[in-house]
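Trainee: I'd like a close look at one small part of this thing. Pick a single strand, tell me what surrounds it, and then work outward from there.

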There are 2 protein chains.
Amino acid sequence: MSARAAILVTGTEVLTGRVSDRNGPWLADRLLELGVDVAQTAIVADRPQELLATLRFLADQGVDMVITSGGLGPTADDLTAEVVAAFQERPLMLDEALEGRIAEILRPLALRFPDLDVDAVRAGNAKQALVPRGATVLEPVGTAPGLVVPPPEGSPGGPTVVVLPGPPRELQPMWGDAVVKDAFRAATAGAGDLRQRTLRLFGLPESEIAATLRQAVADGVALERLEVTTCLRRGEVEVVTRFEPPAQSVHDALADVVRTRHADTLFSDDGRSVDAMVLDALRGPPARRIAVAESCTGGLLAARLTERAGSSEVVAGGLVVYANEAKVSLAGVDPGLIASFGAVSVEVARALASGACDRFGADVGVGVTGVAGPTGGTEDKPVGTVCLSAVLADGGGALTHRVTLPGARFDVRDRSTTVALHLVRRLLAGERD
Amino acid sequence: MSARAAILVTGTEVLTGRVSDRNGPWLADRLLELGVDVAQTAIVADRPQELLATLRFLADQGVDMVITSGGLGPTADDLTAEVVAAFQERPLMLDEALEGRIAEILRPLALRFPDLDVDAVRAGNAKQALVPRGATVLEPVGTAPGLVVPPPEGSPGGPTVVVLPGPPRELQPMWGDAVVKDAFRAATAGAGDLRQRTLRLFGLPESEIAATLRQAVADGVALERLEVTTCLRRGEVEVVTRFEPPAQSVHDALADVVRTRHADTLFSDDGRSVDAMVLDALRGPPARRIAVAESCTGGLLAARLTERAGSSEVVAGGLVVYANEAKVSLAGVDPGLIASFGAVSVEVARALASGACDRFGADVGVGVTGVAGPTGGTEDKPVGTVCLSAVLADGGGALTHRVTLPGARFDVRDRSTTVALHLVRRLLAGERD
């Protein structure tokens with residue numbers, strides 16, 4: 001029924017893992033928003049035979065559209081436009097007006113790098129002005145134009161190929177230009193009005209959700225009318241449901257079952273992440289400002305709180321107090337607490353939270369101290385032991401918690417920021433120790 | 001010549017972009033270390049027909065091995081083992097001893113979650129003990145075993161499929177177990193002794209490297225004997241070269257050309273990242289400790305410095321001073337500097353760096369202040385303007401810099417940490433303003 005698309009990410013640097021792909025997930029999100037089903041993402045090297053073979057395979061899967069990212073640069077190993085032109089049987093033709101516009105874009109670059117080999121740059125970029133016959137040009141955001149290339153003129157059954165540049169800061173703005181083109185709309189005309197809803201839970205194993213889904217079926221919920229996927233993400237369980245509008249009541253019934261069985265762990269049923277919920281709660285009313293003092297997370301919690309634009313209104317700042325002396329001198333932790341309970345203890349976490357509040361004059365303070373590993377673990381406090389506390393200023397109450405988190409250093413640090421955000425969320429919702 | 005592999009990542013949550021794939025890049029790195037060429041990475045949903053079609057396509061590409069990740073969980077939508085068994089024409093058989101070992105693993109989980117539906121869990125995990133006939137079992141790290149599944153008994157020409165679990169903290173330890181199995185070794189017997197070398201440069205556009213490669217060819221370097229890829233990564237240019245041992249002299253000649261033409265921007269020719277170089281330089285001798293005071297990066301610089309195990313020896317800590325009052329009260333910035341030059345200024349960056357040094361009693365201080373966007377830019381200081389400074393304690397010298405970084409908030413913040421690390425690297429190498 002609904003339109004289906006595949007994503008084709010090109011580039012040896014992505015395939016070999018030196019650069020992680022941000023375009024595939026981003027494009028998948030955008031396609032789902034348009035009601036287009038994502039059939040597959042393929043990551044291939046910049047080798048023409050493999051690109052072409054993969055385009056053919058994706059076409060054989062019956063997709064209506066293939067979105068490519070990358071391979072539009074000025075160098076000889078950038079050959080996506082050429083391969084797509086061959087695939088769609090549309091010869092490349094020089095678009096002189098486009099060539100002129102690219103030259104305009106390059107002029108300031110030449111001024112910034114006076115030693116630049118200007119002729120080489122211009123030659124490379126004339127290549128970027130080659131357009132498959134009948135394709136729609138997407139204006140360059142960097143120096144490379146994008147393309148919407150329809151199927152071969154004689155055989156209109158195949159997919160339309162949307163050719164986008166690799167750098168996310170070029171690809172993302174260009175996407176908005178692509179989706180309004182006639183050729184794009186024609187290819188996704190079958191896109192259904194698919195709805196997507198997300199339930200987020202924290203503090204239960206994924207298998208419990210599997211049991212709940214079985215219970216819902218036993219209760220008569222027509223789950224076969226929904227596409228339900230569950231996953232663990234940064235320590236939370238996400239239940240994502242996609243369905244056509246007539247199945248809204250089925251979704252609502254499922255949501256009710258989850259709400260009833262998991263009232264204590266379901267924290268979001270409107271799609272908001274815990275990050276968004278914490279920032280919203282801080283904005284108030286009453287408006288509050290937050291400060292953190294973190295040890296094992298080394299700045300990750302502050303970085304996560306300041307990830308979104310506008311966070312400066314509610315984030316006062318943070319202390320990264322790796323060394324014990326810094327915990328004392330900067331966060332004001334009583335050295336006696338460290339001596340008695342150890343640097344990784346709920347007592348020190350609580351003192352860090354209070355210290356962050358005091359030092360920044362904030363309304364909410366958070367303290368995190370733990371053993372991220374791989375070394376530093378003891379029998380009492382193995383790697384993964386993390387103590388966290390969230391406090392309100394002036395003795396307004398606190399939530400303090402000790403957890404043992406699974407995984408390696410990366411996982412422990414990342415997961416700790418999730419646990420910390422949930423403590424803040426619950427504190428701001430009125431919970432107290 | 002050399003063995004080729006493909007990576008098949010399964011999971012609707014990865015395909016739809018809700019979870020970013022960490023396994024593909026990690027597996028690609030490990031395969032390259034083994035001298036195995038990576039032909040393609042495919043990300044598909046947990047739908048049996050698509051899994052099977054993709055396995056067939058990858059086999060058609062002539063790969064010797066397919067590594068799958070994901071789809072080994074206890075729920076009904078986890079069906080990788082079943083599909084791979086069908087693909088290799090090897091019926092699934094219950095491995096009772098394995099079933100017993102999985103039951104042992106589950107026992108403590110049942111104790112932690114007393115409300116758990118134990119029967120459902122056990123049923124789900126009996127499924128995890130089904131093994132394709134003739135496959136080699138990889139012991140569970142979580143609850144799911146992995147598999148090495150050889151091609152069909154009658155037709156040995158196809159790829160061996162290595163089936164691994166989705167969570168990186170299960171997949172990564174299991175990999176070490178997989179590579180020593182006879183079935184794995186047999187499939188990669190053709191792996192050549194491929195060498196890989198990386199040159200890293202900072203502060204030049206990628207097109208300059210393209211010109212240098214052309215120059216090398218003109219100088220008679222036999223580039224066709226190397227596989228050279230260049231890419232932009234977090235603001236650096238990486239030139240990765242792969243070649244068979246007899247081509248070592250060709251690589252060396254290319255490296256010489258790059259060294260000569262880019263002496264001022266080439267910073268690493270031994271594979272080390274700037275992160276590793278900074279930590280190594282801090283370890284000394286002389287050993288030095290670093291502290292940071294950051295505004296727009298909001299903790300990312302401290303987080304990056306503490307990413308690696310053992311960083312606590314050299315990282316004293318950090319201040320996240322988002323608000324101007326915090327810059328004054330915590331980092332000791334003279335409010336007159338903020339009034340005269342603005343919070344985003346080289347003067348304030350320098351004061352932040354000195355303040356970080358003083359507050360933590362560190363030997364090296366770093367200050368970062370900028371406009372990450374999307375709002376807050378002015379004509380004088382547009383979004384992307386970042387001022388950075390690295391100083392040695394006690395007036396030992398400094399490097400201070402103002403840059404305009406491209407991209408959106410995410411890019412500006414991330415790129416700023418790279419610029420900061422390069423300032424520290426150069427300062428520790430003896431450069432001064």
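Mentor: Let's take strand 8 of chain B and see where its side chains go. T160(B), V162(B) and L164(B) point one way from the strand, V161(B) and V163(B) point the other way, and all of them are buried. Keep in mind as we go that this is a predicted model. Strand 8 of chain B runs over residues 160-164, and with 5 of its 5 residues buried it counts as mostly covered.

Now for the strands it pairs with. Strand 3 of chain B, residues 65-69, runs parallel to strand 8 of chain B, and 5 bridges join the two. If you want one pair to find on screen, go to V66(B), whose bridge partner in strand 8 of chain B is V161(B). Strand 7 of chain B, residues 146-149, also pairs with strand 8 of chain B, but here the two run antiparallel and 3 bridges join them. The pair to look for in this case is V148(B) with V162(B), its bridge partner in strand 8 of chain B. Put the two pairs together and you've got V161(B) bridged to V66(B), while V162(B) is bridged to V148(B).

Next stop, chain A, beginning at strand 1. That strand covers residues 4-10, and T10(A) is found in it. Is T10(A) buried or exposed? T10(A) has 27 other C-beta atoms within 10 Å, and 20 or more is what it takes, so T10(A) is buried. Beyond its neighbours within four places in sequence, T10(A) is in contact with a set of residues that includes V44(A), D46(A), L51(A), T68(A) and T80(A). G70(A) is on that contact list too; it's 60 residues from T10(A) in sequence, yet the C-alpha atoms of the two are 5.4 Å apart.

Further along chain A, try I290(A), which lies in strand 13. I290(A) is buried as well, with 28 other C-beta atoms within 10 Å. Skipping residues up to four places away in sequence, I290(A) touches L282(A), L305(A), V314(A), V315(A), A316(A), A362(A), V364(A) and V366(A). Of these, A362(A) is 72 residues away along the chain, with 5.5 Å between its C-alpha atom and that of I290(A).

Strand 13 takes us straight to strand 14. Strand 13 of chain A, residues 290-294, pairs with strand 14 of chain A in the parallel sense over 5 bridges. One place to see it is A293(A), whose bridge partner in strand 14 of chain A is L319(A). Between the two strands the chain passes through helix 12 of chain A, residues 300-305, and this β-α-β crossover is right-handed. Strand 14 of chain A has 7 of its 7 residues buried, so it's largely enclosed by the rest of the structure.

Some of the pairing of strand 14 is with the other chain. Strand 14 of chain A and strand 14 of chain B run antiparallel, joined by 5 bridges. What does L319(A) bridge to in strand 14 of chain B? The partner is L319(B). For V321(A), the bridge partner in strand 14 of chain B is G317(B).

Now the whole contact between the chains. It takes 71 residues from chain B and 72 residues from chain A. On the chain B side, that's 39 nonpolar, 21 polar and 11 charged residues. Chain B superposes on chain A by a rotation of 180° with 0.0 Å of shift along its axis, at an RMSD of 0.1 Å. That's the relation of a two-fold axis. Both copies use the same surface, too: 100% of the contact residues of chain B recur in chain A.

Last, step back to the domains. Chain A is assigned domain 1 (4-187), domain 2 (195-268) and domain 3 (274-428). The C-alpha centres of domain 2 and domain 3 of chain A lie 31 Å apart, and 6 residues of domain 2 are in contact with 8 residues of domain 3. On the domain 2 side, those residues split into 2 nonpolar, 2 polar and 2 charged.

As for chain A overall, it has 16 helices and 17 strands, and 51% of its 433 residues are buried. Its C-alpha trace spans about 80 × 70 × 45 Å along the principal axes. Among contacts in chain A between residues at least 6 apart in sequence, 67% join residues at least 24 apart.

Conventions: Residues are numbered from 1 along each chain as its sequence is written. Chains are lettered from A and ligands numbered from 1 in the order in which they are written. Domain bounds come from an automatic or database domain assignment. Two residues are in contact if their C-beta atoms, placed from the backbone, lie within 7 Å. Ala, Val, Leu, Ile, Met, Phe, Trp, Tyr, Cys and Pro count as nonpolar, Asp, Glu, Lys and Arg as charged, and the others, Gly among them, as polar. Copies are superposed by least squares on the C-alpha atoms of residues with pLDDT of at least 70 in both. A residue is buried if 20 or more other C-beta atoms lie within 10 Å of its own, exposed if 12 or fewer, and partly exposed in between; C-beta atoms are placed from the backbone. Helices (H or I, at least four residues) and strands (E, at least two) are DSSP runs, numbered from the N terminus. Two strands pair if DSSP finds at least two bridges between them. A crossover is right-handed if, with the strands pointing away from the viewer, the path from the first strand over the helix to the second runs clockwise.
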